[in-house]
Amino acid sequence: MAPHAAPCDGVLLLDKPAGYSSTQALARAKRFLGAAKAGHTGTLDPFATGLLPLVFGEATKFSRFLIDARKSYQAVLALGLETSTGDPEGEVVARREVALDPAQVDRVLARFVGRQAQVPPMHSALHVNGRRLYDYARSGETVERTPREIEIEAIGRLFLRGAELGIAVACSKGTYIRSLAIDIGRALGCGASLVALRRTTVGPFRLEEAWALEAVEREPQAAREALLPPEALVGSLPRMDASAESARRFAHGQPIAGDGFAEGEIAVFGPGGRFLGVGAALAGARVAPLRLLAPADPGCP
């Protein structure tokens with residue numbers, strides 16, 4: 001039985017199973033943990049699996065720092081097979097013979113490294129004119145999509161078994177692996193669709209650290225105790241350690257002195273390493289609060 005809702009703040013690294021939307025997986029974990037407030041940090045399609053960081057309580061205030069993080073994936077492409085959605089959820093629209101050797105594949109993959117423009121797929125949650133793209137697609141409509149700049153940091157072949165190609169990809173936020181699979185298929189001259197996808201990293205977090213959904217259900221207390229603190233989400237920001245008086249003022253929404261920081265966001269900590277929130281480093285060596293952690297409470301039951 002799920003515990004009663006109670007203050008529960010932190011980050012759970014979940015290994016999302018296939019067959020669940022990110023929202024469905026979040027709802028189950030939230031119920032098992034007895035959390036009152038929860039969110040996730042980037043959608044995975046229902047057929048996809050892998051790392052889905054979930055945020056609870058005060059950690060929801062800082063989830064955007066993971067949404068913007070770089071991510072890594074392992075993907076399997078069906079070469080010579082095109083579907084209406086570019087993934088296994090669509091209808092087959094074309095089949096072609098495939099005769100490729102590893103060297104050919106490697107040469108094509110190498111061309112995708114670097115910054116590039118990518119057109120978001122119609123079957124995606126991106127909003128255009130107030131509607132999600134997949135809503136247009138479901139009603140048979142196709143709308144103009146503005147290409148977005150992405151970056152493929154690294155891409156490599158894991159295996160080539162006949163018409164099945166496995167790849168590993170490290171990429172920027174906003175990258176659609178489904179669109180990448182389609183583009184790779186076109187570049188190879190045979191077409192392709194994504195048939196399996198597993199996310200392996202999000203920012204500093206790795207799949208090896210993640211909990212299976214069944215384990216969260218079976219051991220909710222252990223999962224609560226394993227929650228990472230909210231400050232785990234802001235590890236990419238410069239750190240400021242404030243004095244007791246500055247920490248008090250910052251926690252009450254007042255700017256404080258802060259030398260040596262370039263303009264931008266910083267993570268602010270008080271005495272004893274207590275995380276206070278995120279501030280903005282301003283001209284004149286000042287740091288203004290942007291997002292504050294609530295005063296400490298007993299936390300998870």
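What covers the buried residues of helix α8 includes four strands, namely β16 (256-257), β17 (264-269), β18 (275-282) and β19 (286-292). This packing belongs to a predicted model of a protein that has eight helices and 19 strands. Buried residues make up 47% of the 301 residues in the protein, and among the contacts with a separation of 6 or more, 68% come from residues 24 or more positions apart.

**Helix α8 and the sheet it lies across**

- Helix α8 spans residues 244-251, and its buried residues are Ser246, Ala247 and Phe250. These residues cover an arc of only 100 degrees around the axis, which puts them on the same side of α8.
- A general point about helices helps here: an α-helix has 3.6 residues a turn, so residues three or four places apart point the same way.
- The helix α8 lies across β16, β17, β18 and β19, and it runs at about 50 degrees to β19.
- After α8 comes Gly253, whose phi is positive, near 85 degrees.
- Five strands form an open sheet in the order β15-β17-β18-β19-β16, and the pairing in this sheet is mixed. Because β15 (239-241) and β16 stand at the edges with a single partner strand each, one side of each is left without a neighbour in the sheet.
- The strands β15 and β17 run parallel and are joined by three bridges, and within this part of the sheet Arg239 stands opposite Ala267 in β17.

**Strand β3 and its partners**

- All of β3 is buried, eight of its eight residues, so this strand is largely enclosed by the rest of the structure.
- Strand β1 (residues 10-16) is joined to β3 by seven bridges, and the two strands run antiparallel; here Leu13 stands opposite Pro53 in β3.
- Strand β2 also runs antiparallel to β3, with three bridges between the two, and Gly39 is the residue that stands opposite Val55 in β3.
- With strand β12 (residues 192-202), in contrast, β3 pairs in the parallel sense over two bridges, and the bridge partner of Gly50 in β12 is Arg199.
- As background for these pairings, strands of a sheet pair through backbone hydrogen bonds, either parallel or antiparallel.

**Thr41, in a loop beside β3**

- Thr41 is found in the loop between β2 (38-40) and β3 (49-56), and at 1% relative accessibility this residue counts as buried, because the cut-off for that class is under 20%.
- The side chain of Thr41 reaches the backbone oxygen of Pro53 at 3.1 Å.
- When residues up to four places away in sequence are not counted, Thr41 touches Pro53, Val55, Ser63, Leu66 and Ile67.

**Helix α3**

- In helix α3 (residues 102-110), the buried residues include Val105, Val108 and Leu109. They cover an arc of only 100 degrees around the axis, which puts them on the same side of α3.
- The elements that cover the buried residues of α3 include β10 (148-161), β11 and α5 (177-188).
- At the start of α3, a side-chain oxygen of Asp101 reaches to within 3.0 Å of the backbone nitrogen of Ala103.

**Ala168 in strand β11**

- Ala168 lies in strand β11 (residues 164-171), and at 26% relative accessibility this residue counts as partly exposed.
- Leaving out residues up to four places away in sequence, Ala168 touches Tyr73, Ala154, Ile155, Gly156 and Leu158.
- Ala168 and Arg198 are 30 residues apart in sequence, while in space they are 9.6 Å apart, C-alpha to C-alpha.

**The nonpolar cores**

- The largest nonpolar core has 46 residues, of which Leu12, Leu77, Ile167, Ile177 and Ile184 touch the most other members.
- Ile184 touches Leu77, Val108, Leu109, Phe112, Ile155 and Ile167, again with residues up to four places away in sequence not counted.
- Apart from this core lies another one, of 20 residues, among them Leu13, Phe205, Leu233 and Ala267.
- Some of these residues have already appeared above: Leu13 is the residue opposite Pro53 in β3, Ala267 in β17 is the residue opposite Arg239, and Val108 and Leu109 are buried residues of α3.

Note on methods:
Residues numbered from 1 in each chain as written. Predicted model: local features only at pLDDT ≥ 70, side-chain atom pairs only at ≥ 80, totals over all residues. Heavy atoms only, no water. Core = buried A, V, L, I, M, F, W, Y, C linked by side-chain atoms within 4.5 Å. Buried < 20%, exposed > 50% of the residue type's maximum accessible area, 1.4 Å probe, protein only. Contact = heavy atoms within 4.5 Å. Arc of directions from axis to C-beta. Pairing = 2+ DSSP bridges. Axes fitted to C-alpha atoms, helices over the stretch in contact; angles between N-to-C directions. Polar contact = N/O pair within 3.5 Å; in protein donor to acceptor, adjacent residues only side chain to side chain.
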